[in-house]
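Here is a short briefing to read alongside the structure. It goes topic by topic, so feel free to jump to the part you need.

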Amino acid sequence: MTDATRPPPPAWLVLTPESGPLESQIHRAIRERVLAGQLAAGDRLPSSRALARALGVARSTIVLAYDRLRAEGFLDARAGSATRVASLPSPPLHGHNAPPPSPPPGMPDIVLDALRPGLPDLASFPHAAWARCLGARARAGRLIDLGYGGRAAGAPELRAAILSHVRATRGVVATPDQVVIVPSIRIAVEAIARIALSTAANPVAWVEEPGYIPIHTILKAAGARLVPLPCDSEGMDVTHAPGPPPRLICVTPSHQYPTGADMSLRRRLAVLGHAHASGAVVLEDDYDSEFQYDTRPVAALQGIDRTGSVAYLGTFSKILAPGLRVAYAVLPPRLVAPLTDFLSGRGIAVPIHLQLALADFITDGHLRAHIRRMNTLYADRMAGALAALRHHCDTVLIPGPGTGGLQLAARFTDPTRDDRAIARRLWSQGLGVRPLSDYHLGPAQPGLLLGIASATPEAMDRAARVIRACL
């Protein structure tokens, strides 16, 4: 079809070479129109074939973008009918004025990597590519990089590289000045909590139940009063949150820890609505959402925030290796200076040569290639873990969906079992599983959390036999 006969595309959907992958541009443009109310519930979108003709792109590009929007809850589509905008609640769109858990008690203080949650497959670390990037930066160090001057937020090269990566893969919307490099997510949580709670009359922090207990410990040390809110298959439910409004809302929306649930769009918008109304900071921990096995990763909560409420936290501990000690925060502008002051005042920084090497590793395409490779490997291992548990433990364990991440939650069919005692027994057998009770502040449905990253099918089959014997 020539340009003269091609139907015109929508005026608001303009694709440019410098704006990233075409599918992401289409996804982002439609999402923005929906969130702004410019595409209303029930509005009909062009067919994938018609839009592909109008834009001059492959139909598969449109199909992928539409599928991603459907998975995130923005679109509805039924076989034989048109694709339409889904019915959504309307959040406020204007600015407002305002290491893994310890072993269960009694377990020996040793490191057991078999089925240990949250640990990536270190044997698959891309040593050669990383060594080249690290060696090149070590050999070509610049004097400007060796001094103290003005880098509390991190090397500009790494901040720009990280933003380019999370913009393309997670739908994050920010500028490089909003990115701050930190040694760990825990440090970022501590700093942001202290900043947000410093002047709060009611230092309330909403947290997920179940949730990541080490973060809870950090919040309490910062003076927070924790209010646990239940999580189900749609993530954290803030509908009936008790007490005064929060100053912090801590969520893992793209892959809830430890259950693995994805927060629904309706729940995401509800979180943003509460944050807007109370002036709270939302701490979005996006710890391992690059690894999704049945669909494209759901975009980050930060990307749909229109009130400057969300601090997006990411880490390279799960993607590459925890020993690198590199994480980052994409912040609302009002938090950038306070966080960098916190870091510089305490002398907290990631070594500059490590930052620059990681920037090269990302911009040269090594990180994207590694994620693709590991996503395939982890998908196979998750499938093997599910198959082994269903084969050997079907009468005693109910595993979660296993659609993403490096760990799998499995609840006991008998809720009277003591998961801490069983975890101690499995620890003595060389399996580093964790009891699900350890992730609850209140009453828990007992079970186990298993790491799958290093579990080959043979190893997982043996582990499932051990678990069955212990149960």
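**Strand 9 and its surroundings**

L283 stands opposite A311, a residue of strand 9. Please keep in mind that this is a predicted model. Strand 9 makes a handy starting point, and the points below move from there to the sheets, the cores and the charged pairs.

**The eight-stranded sheet**

- Strand 9 belongs to an open sheet of 8 strands with mixed pairing, in the order 3-10-9-8-7-4-5-6.
- Strand 3 (179-182) and strand 6 (235-236) each have a single partner strand, so one side of each is left without a neighbour in the sheet.
- On one flank, strand 9 (residues 310-315) runs parallel to strand 8 (residues 281-285), and 4 bridges connect the two.
- Besides the L283 and A311 pair, E284 faces Y312 across these strands.
- With strand 10 the pairing is antiparallel, again over 4 bridges, and G314 has Y328 as its bridge partner there.
- Which residues of strand 9 are buried on each face? V310, Y312 and G314 are buried on one side, while A311, L313 and T315 are buried on the other.
- That fits the count for the strand, where 6 of 6 residues are buried.
- In a regular strand, side chains alternate between the two faces of the sheet.
- Helix 7 (residues 185-197) lies across strands 3, 7, 8, 9 and 10, and runs at about 165° to strand 9.

**The four-stranded sheet**

- A further open sheet has 4 strands, in the order 11-12-14-13, with antiparallel pairing.
- Its edges are strand 11 (397-399) and strand 13 (434-435), each of which pairs on one side only.
- Strand 11 and strand 12 (residues 407-412) are antiparallel and joined by 3 bridges; I398 has R411 as its bridge partner in strand 12.

**Nonpolar cores**

- The largest nonpolar core holds 67 residues, and F316 and I467 have the most contacts inside it.
- Helix 12 (residues 366-392) supplies the largest share of this core, with 9 residues.
- Beyond its close sequence neighbours (those within four places), I467 contacts L115, L389, C393, L397, L426, L431, L448 and L450.
- Another core, of 41 residues, lies apart from that one and includes A205, A222, A329 and L436.

**A closer look at L226**

- L226 sits in strand 5 (residues 225-232).
- Its relative accessibility is 17%, so L226 counts as buried.
- Not counting residues up to four places away in sequence, L226 touches A205, V207, H216, L219, K220 and L441.
- For a sense of scale, L226 and T403 are 177 residues apart in sequence and 29 Å apart in space, C-alpha to C-alpha.

**Salt bridges**

- The model has 12 salt bridges by the rule applied here.
- R31, E32 and R306 are linked in a salt-bridge network.
- Within this network, the closest N and O atoms are 2.4 Å apart for R306 and E32, and 3.4 Å apart for E32 and R31.
- How buried or exposed is each member of the network? R31 is buried at 1% relative accessibility, whereas E32 is partly exposed at 27% and R306 is partly exposed at 28%.
- R465 and D461 form a salt bridge at 3.1 Å, N to O.
- Both residues lie in helix 14 (residues 457-470), 4 residues apart, which is about one turn of the helix.
- R465 is partly exposed at 42% relative accessibility, and D461 is partly exposed at 25%.

Note on methods
Residues are numbered from 1 along each chain as its sequence is written. This is a predicted model: local features need pLDDT of at least 70, side-chain atom pairs count only at pLDDT 80 or more; totals for chains, interfaces and linings use all residues. Side-chain values use heavy atoms; hydrogens and water are left out. Two strands pair if DSSP finds at least two bridges between them. Contact means heavy atoms within 4.5 Å. Axes are lines fitted to C-alpha atoms, for helices over the stretch in contact, and angles run from 0 to 180 degrees between N-to-C directions. A nonpolar core is a set of buried Ala, Val, Leu, Ile, Met, Phe, Trp, Tyr and Cys residues joined through side-chain atoms within 4.5 Å. Buried means under 20% relative accessible area, exposed over 50%, partly exposed in between (1.4 Å probe, protein chains only). A salt bridge is a side-chain nitrogen of Lys or Arg within 4 Å of a carboxyl oxygen of Asp or Glu.
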